[in-house]
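Thanks for coming. I have one structure to go through today, and I will take it piece by piece. Please have the sequence and the model open while I talk.

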Amino acid sequence: MKFFIDTANLAQIKEAHDLGILDGVTTNPSLMAKEGIKGHAAIMDHYKAICEITDGPVSAEVFGTTFEEIVEEGKVLAAIHDNIVVKVPMIKDGIKAIKWFSDNGIQTNCTLVFSAGQAILAAKAGASFVSPFIGRIDDSSWDGVQLIEQIVNIYNSQGFMTEVLAASIRNPLHIVRCAEAGADVCTCPLSSILGLLKHPLTDLGLEQFLKDAKTMAH
Ligand code: G3P
């Protein structure tokens, strides 16, 4: 399973990259706004800066909702860097635009996916990635990971090439369960990635090893 980081924060992207485990980045308008980015030029520069940190795919979301707007914006975003993946919402014109991008060699990430039916449509349109939001599904007392499992099974049995990108990850257990469910990619906040490191027995064991190592020093 690939690890993407779900943030537009350059320091966090660099920290995950420096760990050596980062395969890509996803952003969305909320994450970009959180970094205080304002205006077209600043948005373009920020995506460029992200692409300079990672060698992997970088999802950049369109703001438009009509086919024409999505295609125009997507072309501009895709021109920033070869690694830009145009993130398109799961709406009728979005599906039409994803098909257009796929026919024209532009990578896409279909976002705001909450059902298997939506995931089938995204794959039929030729999306490179599909993003089911598992945390937001859990927030409504449904099972987000179960949806990942269902989509993975459908894509495998139907031979769809779209990668299942588990999004809206809220904790390390989400990452583990998405790996079990066969997700191709997990896009996570840095805190969830670092949470994978934690186990009290590791801390206690290391403390003892270091203590014993000292006795051997002289
Ligand atoms: O990038 C989309 C997704 O990961 C959003 O997550 O936590 O806002 O539901 P969240």
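How many of the residues of strand 4, residues 84–89, are buried? The count is 6 of 6, so the strand is mostly covered, where buried means under 20% relative accessible area. Before I go further, note that this is a predicted model.

Let me stay with strand 4. In a regular strand the side chains alternate between the two faces of the sheet. Here one side carries Ile84, Val86 and Val88, and the other carries Val85, Lys87 and Pro89. Residues on both sides are buried, and both faces of strand 4 are covered.

Now the neighbours. On one hand there is strand 3, residues 58–61, which pairs with strand 4 in the parallel sense over 4 bridges. Within that pairing, Glu61 stands opposite Lys87. To get from strand 3 to strand 4 the chain passes through helix 4, residues 67–78, and the β-α-β crossover is right-handed.

On the other hand there is strand 5, residues 108–113. Strand 4 and strand 5 run parallel and are joined by 4 bridges. Val88 is the residue of strand 4 that stands opposite Cys110 in strand 5. The connection uses helix 5, residues 92–103, and strand 4, helix 5 and strand 5 together make a right-handed β-α-β unit.

Next, the overall picture. What do the strands close into? They form a barrel of 8 strands, in the order 1-2-3-4-5-6-7-8, with parallel pairing. From one strand to the next the twist averages 30 degrees. Further round, strand 7, residues 163–166, and strand 8, residues 185–188, run parallel and are joined by 2 bridges. There, Ala166 stands opposite Cys186 in strand 8.

For the chain as a whole, the secondary structure comes to 11 helices and 8 strands. The chain has 218 residues, and 46% of them count as buried. The C-alpha trace spans about 75 × 40 × 30 Å along its principal axes.

Now the ligand. Which residues surround the ligand? They are Asp6, Asn28, Lys87, Phe133, Arg136, Ala167, Ser168 and Arg170. Lys87 has come up already, as the residue opposite Glu61.

Three of the polar distances go to an oxygen atom of the ligand, and I will read them out one by one. For Asp6, a polar side-chain atom lies 2.4 Å from a ligand oxygen. For Arg136, the corresponding distance is 2.6 Å. For Arg170, a polar side-chain atom lies 2.9 Å from an oxygen atom of the ligand. Taken alone, the ligand exposes 310 Å², and the protein buries 83% of that.

Let me go to the loops, beginning with Asn9. Asn9 sits in the loop between strand 1, residues 2–6, and helix 1, residues 10–19. A polar atom of the Asn9 side chain lies 3.1 Å from the backbone nitrogen of Ala11. The Asn9 side chain also makes a polar contact with the side chain of Glu35, at 3.2 Å.

Where does Glu35 lie? Glu35 is in the loop between helix 2, residues 29–34, and helix 3, residues 40–53. Glu35 counts as partly exposed because its relative accessibility is 31%. Glu35 and Gly56 are 21 residues apart along the chain, and their C-alpha atoms are separated by 21 Å.

Last, two backbone angles. Most residues other than glycine have a negative phi. Ser141 has a phi near 65 degrees, a positive value in a residue that is not glycine. Ser168 also has a positive phi, of about 60 degrees, and is not a glycine.

Are these serines buried or exposed? Ser141 is exposed, because its relative accessible area is 67%. Ser168 has a relative accessible area of 10%, so Ser168 is buried. As for position, Ser141 is in the loop between helix 7, residues 134–139, and helix 8, residues 144–158. Ser168 is in the loop between strand 7 and helix 9, residues 172–181. Ser168 is also one of the residues that surround the ligand.

That is what I have. I will take questions now.

Notes
Residues numbered from 1 in each chain as written. Predicted model: local features only at pLDDT ≥ 70, side-chain atom pairs only at ≥ 80, totals over all residues. Heavy atoms only, no water. Buried < 20%, exposed > 50% of the residue type's maximum accessible area, 1.4 Å probe, protein only. Pairing = 2+ DSSP bridges. Right-handed = clockwise from strand over helix to strand, strands pointing away. Near = heavy atom within 4 Å. Polar contact = N/O pair within 3.5 Å; in protein donor to acceptor, adjacent residues only side chain to side chain. Areas by Shrake-Rupley, 256 points an atom, 1.4 Å probe, with all protein chains shown as cover. Axes fitted to C-alpha atoms, helices over the stretch in contact; angles between N-to-C directions.
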